[in-house]
Amino acid sequence: MTRSPDVRERVDPWLVCRALGDPSRADILRLIAKRPRPAAELLRELGLSKATVSHHIFQLREAGLITETKVGRSVELKMCLKPVRQLSRALAAELDGRKRG
């Protein structure tokens, strides 16, 4: 069973920027970009407390940057690139509009 953020056509670019701007969240994304990982593995690899990792996972999920899939008794995290692509397009359109304006 996959638990992911609300399926939205558009993500909030500010949530994505905020999520990407934290070094610990960036570390989490770097790890799960290589392969999906259980949250418990992130605890070991990052050396952060369970509460801290849970907070960061919540922020990343809210921004639409990760999905969670229940695998047995653990939860596996997987990166979603859609919000990053949408943010990239929005920034490009904004910068293009400023050049013309």
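**Notebook: strand pairing and helix packing**

I began with the strands and noted that β3 (residues 66–71) pairs with β4 in the antiparallel sense, over 6 bridges. This is a predicted model, and I read every entry below with that in mind. Within this pairing I looked up T69 and found that E76 in β4 stands opposite T69. I then turned to the connection and recorded that β3 and β4 form a hairpin with 2 residues between them, where G72 in the turn has a positive phi of about 65°.

Next I asked which other strand β4 is joined to by bridges. I found strand β2 (residues 37–38), which is joined to β4 (residues 74–79) by 2 bridges and runs antiparallel to β4. For P38 I looked up the bridge partner in β4, and this partner is E76. I therefore wrote E76 down twice, as the residue opposite T69 and as the bridge partner of P38, by DSSP pairing.

I moved on to the helices α2 and α3. Two packed helices are described by the angle between their axes and the distance between the axes, and I looked up both values. The axes of α2 (residues 23–34) and α3 (residues 39–46) come within 11 Å and cross at roughly 120°. Angles of 65 to 115 degrees count as roughly perpendicular and those over 145 as roughly antiparallel, and α2 and α3 are therefore oblique to each other. I also noted the handedness, which is right-handed where α2 passes α3.

Which residues of α2 meet α3? I listed D27, I28, L31 and I32 on the α2 side, and these meet L42, E45 and L46 on the α3 side. Sorted by class, the contact of α2 with α3 has 5 nonpolar and 2 charged residues, with no polar residues.

I then checked P13, whose place is in helix α1 (residues 13–20). Is P13 buried or exposed? P13 is partly exposed, because its relative accessible area is 33%, and the class in between runs from 20% to 50%. I also looked up the distance from P13 to V84, and their C-alpha atoms are separated by 8.8 Å although the two are 71 residues apart along the chain.

Last, I took the chain as a whole. The protein chain has 5 helices and 4 strands, and, read along the sequence, follows the pattern β-α-α-β-α-α-β-β-α. Of its 101 residues, 31% are buried. Among the contacts with a separation of 6 or more, 59% are between residues 24 or more positions apart.

Methods. Residues are numbered from 1 along each chain as its sequence is written. This is a predicted model: local features need pLDDT of at least 70, side-chain atom pairs count only at pLDDT 80 or more; totals for chains, interfaces and linings use all residues. Side-chain values use heavy atoms; hydrogens and water are left out. Axes are lines fitted to C-alpha atoms, for helices over the stretch in contact, and angles run from 0 to 180 degrees between N-to-C directions. Angles under 35 degrees count as roughly parallel, over 145 as roughly antiparallel, 65 to 115 as roughly perpendicular and the rest as oblique. A crossing is left-handed if the near helix is turned anticlockwise from the far one by less than a right angle, and right-handed if clockwise. Contact means heavy atoms within 4.5 Å. Ala, Val, Leu, Ile, Met, Phe, Trp, Tyr, Cys and Pro count as nonpolar, Asp, Glu, Lys and Arg as charged, and the others, Gly among them, as polar. Buried means under 20% relative accessible area, exposed over 50%, partly exposed in between (1.4 Å probe, protein chains only).
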